[in-house]
Amino acid sequence: MGDDRYYTLAEGRPVANSKTAVLMRNGQGGGLGLLQDTHLIETLAHFSRERIPERVVHAKAVGSYGEFEATRDCSDFTCASFLNKVGKKTSVLQRVSTVGPESGSADTSRDVHGWSMKLYTDEGNLDWVFNNTPVFFIRDPIKFPSLNRSHKRHPQSHLPDATMFWDFHVGNPEGIHQLIILFSDRGTPKSPRYMNAYSGHTYKFTKADGSFTYAKIHIKTQQGIQNFSREEATKIAGKNPDYMIEDMFQAVERGDYPVWNVYVQLMSPEEAEKYEVNIFDMTKVWSHKDFPLQQIGRLTMNRNPRNYFADIEQAAFSPSTMVPGFAASADPMLQARLFAYPDAARYRLGVNYQQLPTNAAKAQVYSPFQRDGRMRLDDNYGGDPNYIGSSIKPTKFYQDVKGSSPGALSQHTDHENWVGEVAAYTSEITDADFVQPAALWGVIGREPGHQDRVIENLVLSVSEVKYPELRKAVYSLFSRVNKDLGLALEERTEAAIKAT
Ligand code: NDP
């Protein structure tokens, strides 16, 4: 309606509404194709190139647009401009995904869910690349590829493989906290609308004076947590493998906009030094009692993408995309992700991925020392110096234009003067690693029948493990959380194996 654009080739040549028909000598049509038929050649050649590399993790997703509204003036702990005025709104892109399975897989399968957000703030983009769980399976980044491979397909059979899954986790037991969440009801959430999201990592809110506060971020659904039972999730996986995409898309389409409240837990550097938990260990939470949640904002998703490929598939999120007032902590997992995410985007989308419309900042961008490269979309800064230190056209900084400190330097605070020897990062497990999983087992016990469901979910998976010795090691792992849990798991799993 109202669209009088006509069909052209990609270079603009109008295309006539006629079929390719080459007459044979005998007068019959449709015999020959010619290389001069650019319309045909370009149509076929482009089709073969429609797919870009699928994300190695987080391939299956749903995305939408919306807004973040600040509900608190946070200038007491950050100079981030999007948080410095009550009622200030910032537009947001959200992408929620499963982690291990491929893009065509069922989105109700048991998995952690990725939760990425791009906040298009007036001081540049801020990406929050979170999960729907507050902890993670590992705390040493070198294990990341191994973890993910063990959750994907076996290198020989090309099948998901419970033996490989549990072999990894027995060998890397620091994931026990996350495993309990994964096998709880929260491992099969109903839809993004009914999940929480968590920063997992410790981040820092910074101020222009260089001071900082450690923070964990919690995004809590206002629709209420809702999960599928194992039986429901399995049934829906067969009936509608795209259930989550459909649920989210339709809700936004009919104006039933999902809302989340956004909270922070804040910790001073002095408190961090004394706290019983290593705040750079991603397998641990900060107790709500020790560090209560404080609301800073509200998130509402209210617009579907106009085009999935352009808006969501081409979106690239990275924890390294940060604004003045928000910074990384020394968490080794986070430090590794600061490199790995943009590196993945460069491979998947090309070196100029930040110029794609869905990734482009709405704030002004002048980055003349990143030039050229494949698929440069803008004027490439014309004749501006492509080297630092020009006296002909000196580079202006924020202060030169605005007359005040940008706060930008506040990402690099003079903090964390850690003293010690440089050593390989260790992820050895101790009894302290079982304290929070045991507390979680108690939290799960508050809900009638939930502990039982966790055990049943585990039985289904552990009973697929081929080797009795490996199964024994799994029972021992869960016994360290709670003796009765380990025993019940052993009894029910071995009984299930005998019964088959
Ligand atoms: P509280 O006793 O104050 O609260 C327990 C929290 O557990 C709830 O607020 C809820 O988090 C969360 N929870 C409930 N069911 C599940 C589940 N199946 N999977 C994951 N989380 C669930 O907590 P504490 O701060 O004293 O911590 C006790 C334990 O709770 C921790 O060891 C940790 O395992 C877990 N937990 C703690 C969180 C934290 O940031 N402190 C966050 C999430 C879990 P929510 O309100 O976020 O839904």
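**Burial and contacts: how the terms are earned**

Trainee: Why is Arg 193 called buried or exposed?

Mentor: Arg 193 has 7% relative accessibility, and buried means under 20% relative accessible area, exposed over 50% and partly exposed in between, with a 1.4 Å probe and protein chains only, so Arg 193 counts as buried. This is a predicted model, in which local features need pLDDT of at least 70 and side-chain atom pairs count only at pLDDT 80 or more, while totals for chains, interfaces and linings use all residues. Residues are numbered from 1 along each chain as its sequence is written, and side-chain values use heavy atoms, with hydrogens and water left out.

Trainee: What makes Asp 247 and Arg 193 a salt bridge?

Mentor: A salt bridge is a side-chain nitrogen of Lys or Arg within 4 Å of a carboxyl oxygen of Asp or Glu, and here the N to O distance is 2.8 Å, so the pair of Asp 247 and Arg 193 qualifies. Asp 247 lies in helix H6 (residues 243-253) and Arg 193 in the loop between helix H4 (176-182) and strand S5 (197-198), so the pair ties together parts that are 54 residues apart in sequence. Helices here are DSSP runs of H or I with at least four residues, and strands are runs of E with at least two, numbered from the N terminus. Asp 247, with a relative accessible area of 13%, is buried.

Trainee: Which salt bridge does Lys 88 form, and how many are counted by this rule?

Mentor: The count comes to 28 salt bridges. In the case of Lys 88, the partner is Asp 122, with the closest N and O atoms 2.8 Å apart. This pair links distant parts of the chain, 34 residues apart, with Lys 88 in the loop between strands S1 (61-70) and S2 (89-98), and Asp 122 in the loop between strands S3 (113-121) and S4 (124-131). Lys 88, at 24% relative accessibility, counts as partly exposed, and Asp 122, at 47%, also counts as partly exposed.

Trainee: Why does Asp 281 count as buried or exposed, and what joins its side chain to others?

Mentor: At 6% relative accessibility, Asp 281 falls under the limit for burial and so counts as buried. Asp 281 is found in the loop between helix H7 (269-274) and strand S9 (294-303). A polar contact is a pair of N or O atoms within 3.5 Å, where within protein one must be able to donate a hydrogen and the other to accept it, and residues adjacent in sequence count only if both atoms are side-chain atoms. The side chain of Asp 281 has such contacts with the side chains of Arg 139, at 3.0 Å, and Thr 283, at 2.7 Å.

Trainee: How do you know that the length of helix H12 fits what is expected?

Mentor: The expected span is 1.5 Å times one less than the number of residues, and H12 (residues 450-462), with 13 residues, reaches 18 Å from its first C-alpha to its last, close to the 18 Å expected. Buried residues of H12 include His 450, Val 454, Leu 458 and Val 462. Contact means heavy atoms within 4.5 Å, and what covers the buried residues of H12 includes helix H3 (162-171) and helix H13 (468-479).

Trainee: Why is Leu 35 called buried or exposed?

Mentor: Leu 35 has 76% relative accessibility, over the limit for exposure, so Leu 35 counts as exposed. Leu 35 sits in the segment before helix H1 (38-48).
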